[in-house]
Amino acid sequence: MNQKIVLGDLVLSPPLALAPMVGLSHSALRSLIIELGGVGLLFTEMLSVKRLPSENTESPFLKRSDEERPLFYQLVVGRGQDVLPAVERLHRLDAQGIDLNIGCPAPKLRQLGAGCALRGDVAEVKRLVQTLRQATALPLSAKIRLGADLDEKSLLVFCEMLQGEGVDLLTVHGRLDSEKFCRKPRWDWIGKVKQKMDIPIIANGGIFSVEDARNCLEQSGADGLMIGRGAACRPWIFAEIARKLYGIQLSQTSCDPEMIYFRFVELLHERFRPERRLGRLKQFTHLYGTGLSFGHHLASAVQTSLSMAEAEDRAAQYFAKSSDRTRKNSADA
């Protein structure tokens with residue numbers, strides 16, 4: 001099992017990455033996970049190459065602390081869009097790498113010819129990667145799904161093209177373009193890519209526990225793992241995997257769900273303007289609650305809140321009741 005991924009002067013250790021997720025992979029969540037430990041690579045949520053050159057540095061999409069590194073900025077490129085101004089902006093933002101989104105199946109991106117739709121025009125992808133490679137010395141990565149259908153030859157030819165044109169790191173999400181998250185990922189198909197490639201391969205999809213991580217690595221042989229929704233459900237998952245699978249000694253931090261939840265709230269207050277906080281808290285809570293006893297009560301209470309103050313009060317009430325139930329169960333036992 002690889003203990004690290006090396007990309008030139010950049011060392012990713014442990015080889016565990018926080019996935020780019022819309023509305024979630026922002027400064028507050030990235031910082032929370034850094035504090036809990038175990039993450040070796042961070043990604044932004046996807047950024048439009050059209051908007052990025054003029055995006056305000058205080059924008060929630062670009063807000064970043066000094067501790068958030070190494071950080072790769074993920075670009076979404078539509079038909080006919082010029083990437084060079086976006087690359088120039090990323091150089092000024094002190095990006096540690098650039099990631100190309102070739103896998104997102106969202107309908108809005110498909111309409112733009114971006115995300116997984118971009119893969120339908122191999123010549124365009126090749127031209128785009130060449131342009132990026134010529135424009136930057138930063139590590140260049142790409143994120144893909146398995147494709148429109150299970151076609152091993154097509155998948156491998158596409159991945160080899162990316163490698164040949166200068167992609168340094170490839171993340172493979174183990175589902176087809178049309179498959180929902182409820183479908184179990186095909187980690188073994190990521191292994192087909194790994195066997196043929198010389199660049200590091202990161203496996204993505206369906207990792208919510210240490211056991212999931214172990215099984216994914218065994219089936220895929222990947223050089224590292226990328227965790228998305230599992231990071232919002234259990235932000236301490238990186239630390240658990242780093243300790244139990246990679247044997248990395250980390251300083252012990254509390255995994256008390258209430259403390260972690262309200263630390264996230266603090267980070268939202270620190271990083272974002274008031275009008276930017278509540279929506280991000282609701283999105284995080286929707287996933288975080290799935291790992292808690294009666295967590296749907298927490299998610300529902302926060303979702304219907306009209307202000308941060310109301311959401312925080314309702315969350316405090318949920319955790320107080322949760323503690324009462326725990327004490328009662330302990331007494332009954």
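## Strands, a pocket and a covered helix

In strand β11, Gly224 is the bridge partner of Ile202. This is a predicted model, where local features need pLDDT of at least 70 and side-chain atom pairs count only at pLDDT 80 or more, while totals for chains, interfaces and linings use all residues. Numbering starts from 1 along each chain as its sequence is written, and side-chain values use heavy atoms, with hydrogens and water left out.

**Exercise 1.** Work out how β10 pairs with β11 and which helix the chain crosses through between them.

*Solution.* Start with the vocabulary: helices (H or I, at least four residues) and strands (E, at least two) are DSSP runs numbered from the N terminus. Two strands pair if DSSP finds at least two bridges between them.

- Step 1: β10 and β11 (residues 224-227) pair in the parallel sense, over three bridges.
- Step 2: from β10 the chain crosses through helix α7 (residues 210-220) to β11, in a right-handed β-α-β crossover. Right-handed here means that, with the strands pointing away from the viewer, the path from the first strand over the helix to the second runs clockwise.

**Exercise 2.** Now go back along the chain: what are the partners of β9, and which helices make β-α-β units with it?

*Solution.*

- Step 1: β8 and β9 run parallel and are joined by four bridges; the partner of Ile144 in β9 is Val172.
- Step 2: β9 (residues 169-173) also pairs with β10 in the parallel sense, again over four bridges. Here Val172 has Ala203 as its partner in β10, and Thr171 stands opposite Ile202.
- Step 3: add the helices. β8, α5 (residues 152-164) and β9 make a right-handed β-α-β unit, and so do β9, α6 (residues 187-196) and β10.

**Exercise 3.** Are the faces of β9 and β10 buried or exposed?

*Solution.* Buried means under 20% relative accessible area and exposed over 50%, with partly exposed in between (1.4 Å probe, protein chains only).

- Step 1: in β9, Leu169, Thr171 and His173 sit on one side, Leu170 and Val172 on the other, and all are buried.
- Step 2: in β10 (residues 201-204), Ile201 and Ala203 point one way, Ile202 and Asn204 the other, and these are all buried too.

**Exercise 4.** Find which residues of the UniProt "binding site" are in the lining of the largest pocket.

*Solution.*

- Step 1: the unreviewed UniProt entry lists Pro20, Met21, Val22, Gln74, Lys143, His173, Asn204, Gly205, Gly206, Gly228 and Arg229.
- Step 2: of these, the lining of the largest pocket includes Pro20, Met21, Val22, Gln74, Lys143, His173, Asn204, Gly205, Gly206, Gly228 and Arg229.
- Step 3: mind the terms. UniProt positions are in the numbering used here, feature names are shortened, and annotations may be inferred rather than shown by experiment. On a 1 Å grid over the protein atoms alone, a pocket is an open set of points with protein on both sides within 12 Å along at least five of seven lines (a cavity is a set where a 1.4 Å probe fits but cannot get out), and lining residues have an atom within 4 Å of a point.

**Exercise 5.** Why do Met21 and Gln74 count as buried, and what do they touch?

*Solution.* Contact means heavy atoms within 4.5 Å.

- Step 1: Met21 lies in the loop between β3 (16-18) and α1 (27-36). Met21 is buried because its relative accessible area is 10%.
- Step 2: not counting residues up to four places away in sequence, Met21 touches Leu29, Glu45, Gly228 and Arg229.
- Step 3: Gln74 is in strand β6 (residues 71-76), and counts as buried because its relative accessibility is 3%.
- Step 4: leaving aside neighbours within four places in sequence, the contacts of Gln74 include Pro20, Asp99, Asn101 and Lys143.

**Exercise 6.** Why is helix α9 largely enclosed by the rest of the structure?

*Solution.*

- Step 1: six of the eight residues of α9 (residues 237-244) are buried, so the helix is largely enclosed.
- Step 2: the buried residues are Ile237, Phe238, Ala239, Glu240, Ile241 and Ala242.
- Step 3: they pack against β3, α1, α7, β11 and α8 (229-233).

**Exercise 7.** Does the radius of gyration of the chain agree or disagree with that of a compact globule?

*Solution.*

- Step 1: for 333 residues a compact globule would have a radius of gyration near 20 Å, and the chain has 20 Å, which agrees. The radius is taken over C-alpha atoms, and the globule rule is 2.2 Å times the number of residues to the power 0.38.
- Step 2: 56% of the 333 residues count as buried.
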